[in-house]
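A learner and a teacher are about to read a protein model together. The learner asks how each feature is to be read, and the teacher replies with the general idea and then the case at hand.

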Amino acid sequence: MVRRVLACVVVAAVSLTGCGIPDNSDVTVVGPGVSTGTSFEEGGTRTRITRDLTSDRRQFALNYLRAAAGEYDGALDRVKQFMSSSARDNFNPPAAPRVIRLIDEPLVDSATDRVELSYQLLGTLGKNGLLEPSPEKVEGKYELMLGEVTGEGLYVLQAPPFLLLSDTALNDYYKQRTIYFWNTDRTGLVPDVRYLLRDVPIEQEPTIILNWLIGGPAPWLQDAVEPLPDGTKLENKVPAIDNDRLQIRLSAQAVPTEGAVEAMERLRMQLQWSLRILLPDYLDLTVGHQQPRSYSGEDFISSNPAYRLVQDPERYVIYERTIRRLVNSTRPTSDTVPGLTPDDNKDISRAALTTSGTHLFTALVTGSGKNERLRVGSAGIGGQVALKEIPGLPAGLGNPVWAITPDDDAAAAVGLIIAGGRLWRFRADGGPAQEVTSSGTAGITAITVAPDGHRVAMVVGGRLYRAVLNVSGDGLAFTGLQQVYTPLTSLTAVDFSGEGWLAVAGLRRDKNRTSIVYTSIDGALQSQVLPDIGNETVTYLASYPANPLHSLNSVGSVLYSTGKNAWEALSSQVQITAKDLAGPTGEPRPEVVPEAPFFLN
């Protein structure tokens, strides 16, 4: 991944195209439930769901699950409008709506007007736009008791004691907004995904986003990022953009007196990224009683490591135990592998290559069976890597992953690998592997690290988790570990596909067949990649993340393995064959196929 320190350069916005979700594509909920097909992107006013829209019991129940969507403080009143007077009087739920995913169609008992809702609890949606996953896996059934009044239609007579919001309503009535916080090293920004009501007038959005920033990061990110200084306040509502200027006034506490110049620079970059899609030509920032400072241009974009993600990533596979480039990569006629000599490019089964602003990092699994070894190294861009073996790993090596790759100290780069059913860390300069003994990671089978180098997603016991990565002199640990609920079961593979998105592989609930989906990092939203690829297990998945400068909520390309076969996920699954390799392949042999595909990240 692109994990590096802040580079003070001016970079033009990157346009990213490919096989991810287009700018105006729809989020499709995988599995049961009704999707309205609302776009990811900006939307106008949504039709408000009212009690009298239908007399169909099933649709009435689905409409009830949409009533809480909207202005936060009015959710209770909107839901009570669906209820009889006695039901309203006895309904006193917690303020935060529970976001649920229906895992089966609503079951209507016509004899009793009882509607059974089979659900998966995803979490709660807070006033700060944060969807907090449920701390415990909850799947069950809710019941709605309905009644009909002649001439007035249906009412809810009895309901669960919660405000309920379906995932489809979350998609239809809210849009994702990403705010940013500096990591604790102050070397780059870390994304924090929130949900903003689509009906909010655009002139109100900056005030809402500023208040989110002042309120602090999501709990799971707290150990990895810095909140704004205590006492930071928005002095007044952000006025509408005037004369191509967005004017923000913050209290004096927003910038500490010590290191004020650097702190002001960090603050304005944080604000520029968090407000990026709203920014006019100029941001005028006033802190305390200081004179306003005006910022324009795109020099702020280098503060987010994901800005370097490229439009056409290099793609590789392992073929006849060597790394081979695919023909539709950036250099289609060249079969050279950066940093490796022909003598080093042999006897390889799995590999990870990534770059920082100054260096290339290489991790290779060589040998086979009990003789498997992990060899790693780094070199300046264009240089040759000197590989070093990493001792101390048990048998059964998985796919290596580079986690932290700083520009200023390449030898300190850190990678991760699963071996012997446990997670280990290694360094680019060699030395023994160290086991990562963080609580909750026993049984880990897949891991991925975001471009920011701090957010992590992993598959543990067939379930998806997210966490943040903390490295110290004493080792490495995961904190903020939370389970994320997807529509798939028995997950086998995961990789970051965008700032707020993951590509995951597992089994469909309805058919028990293998599927690959994109899921938002909180598990609430989904879009299909390949809905049904049969009964074969996805053993490994690689997704090149989309550049956030391209468009909101984009996701990247997907490569994956089933057994020894390598595939690309396009509109359908496409097997990668010897004819897709750059350079000579010799006489094709049916028993030798490309495998273990990956990107140069």
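**Reading a helix, a core, a sheet and aromatic pairs**

Q: Against which elements do the buried residues of H5 pack?

A: This model is a predicted one. The buried residues of H5 are packed against four elements: S8, strand S9 (189–197), strand S10 (245–250) and helix H6 (260–274).

Q: Which residues of helix H5 are buried?

A: A general point comes beforehand: an α-helix has 3.6 residues a turn, so residues three or four places apart point the same way. Helix H5 covers residues 205–215, and its buried residues are Glu205, Pro206, Thr207, Ile209, Leu210, Trp212 and Leu213. Just after H5 comes Gly216, which takes a positive phi of about 100°.

Q: Is Gln176 buried or exposed?

A: A residue counts as buried when its relative accessible area is under 20%. Gln176 has a relative accessibility of 4%, and therefore counts as buried. Its place is in strand S8, which spans residues 174–182.

Q: With which side chains does Gln176 make polar contacts?

A: The side chain of Gln176 is joined to that of Tyr195 by a polar contact of 3.5 Å. Another polar contact, of 3.2 Å, joins the side chains of Gln176 and Trp501.

Q: Which members of the largest nonpolar core touch the most other members?

A: A nonpolar core is a set of buried residues of certain kinds, joined through side-chain atoms within 4.5 Å. The largest one here has 108 residues, and Leu170, Ile248 and Tyr560 touch the most other members. Strand S3 (residues 114–125) supplies the largest share of this core, six residues. There is also a second, separate core of 18 residues, which includes Val401, Val460, Ala467 and Leu469.

Q: What is Leu170 in contact with, leaving aside its neighbours within four places in sequence?

A: With those neighbours set aside, Leu170 is in contact with Val99, Leu125, Leu131, Leu165, Tyr195, Ala524 and Leu525. Tyr195 also shares the polar contact with Gln176 described above.

Q: How should one read the order S27-S28-S29-S30?

A: This is the order of four strands in an open sheet, and their pairing is antiparallel. Strand S27 (488–498) and strand S30 (526–530) are the edge strands, since each pairs on one side only. On average, neighbouring strands of this sheet are turned by 30° against each other, direction ignored.

Q: How many bridges join strand S29 to S30?

A: Strand S29 (residues 514–520) and S30 run antiparallel and are joined by four bridges. For example, Tyr518 has Ser527 in S30 as its bridge partner.

Q: How many aromatic pairs does the structure hold?

A: The structure holds eleven aromatic pairs. One of them is formed by Tyr142 and Phe162; this pair is tilted, with 6.3 Å centre to centre and 50° between the planes. Tyr142 lies in strand S5 (residues 139–149), whereas Phe162 lies in the loop between strand S6 (153–158) and strand S7 (164–166), so that the pair links parts of the chain 20 residues apart. Both Tyr142 and Phe162 are buried.

Q: What kind of aromatic pair do Trp273 and Phe300 form?

A: The angle between the planes decides: over 60 degrees counts as edge-to-face. Trp273 and Phe300 form an edge-to-face pair, with 80° between the planes and 6.0 Å centre to centre. Because Trp273 lies in helix H6 and Phe300 in the loop between strand S12 (293–295) and strand S13 (315–319), the pair ties together parts that are 27 residues apart in sequence. Trp273 counts as buried at 2% relative accessibility, and Phe300 counts as buried at 5%.

Notes:
Residues numbered from 1 in each chain as written. Predicted model: local features only at pLDDT ≥ 70, side-chain atom pairs only at ≥ 80, totals over all residues. Heavy atoms only, no water. Helix = DSSP H or I, 4+ residues; strand = E, 2+ residues; numbered from the N terminus. Buried < 20%, exposed > 50% of the residue type's maximum accessible area, 1.4 Å probe, protein only. Polar contact = N/O pair within 3.5 Å; in protein donor to acceptor, adjacent residues only side chain to side chain. Contact = heavy atoms within 4.5 Å. Pairing = 2+ DSSP bridges. Axes fitted to C-alpha atoms, helices over the stretch in contact; angles between N-to-C directions. Phe/Tyr/Trp six-rings, centres within 6.5 Å; stacked < 30°, edge-to-face > 60°.
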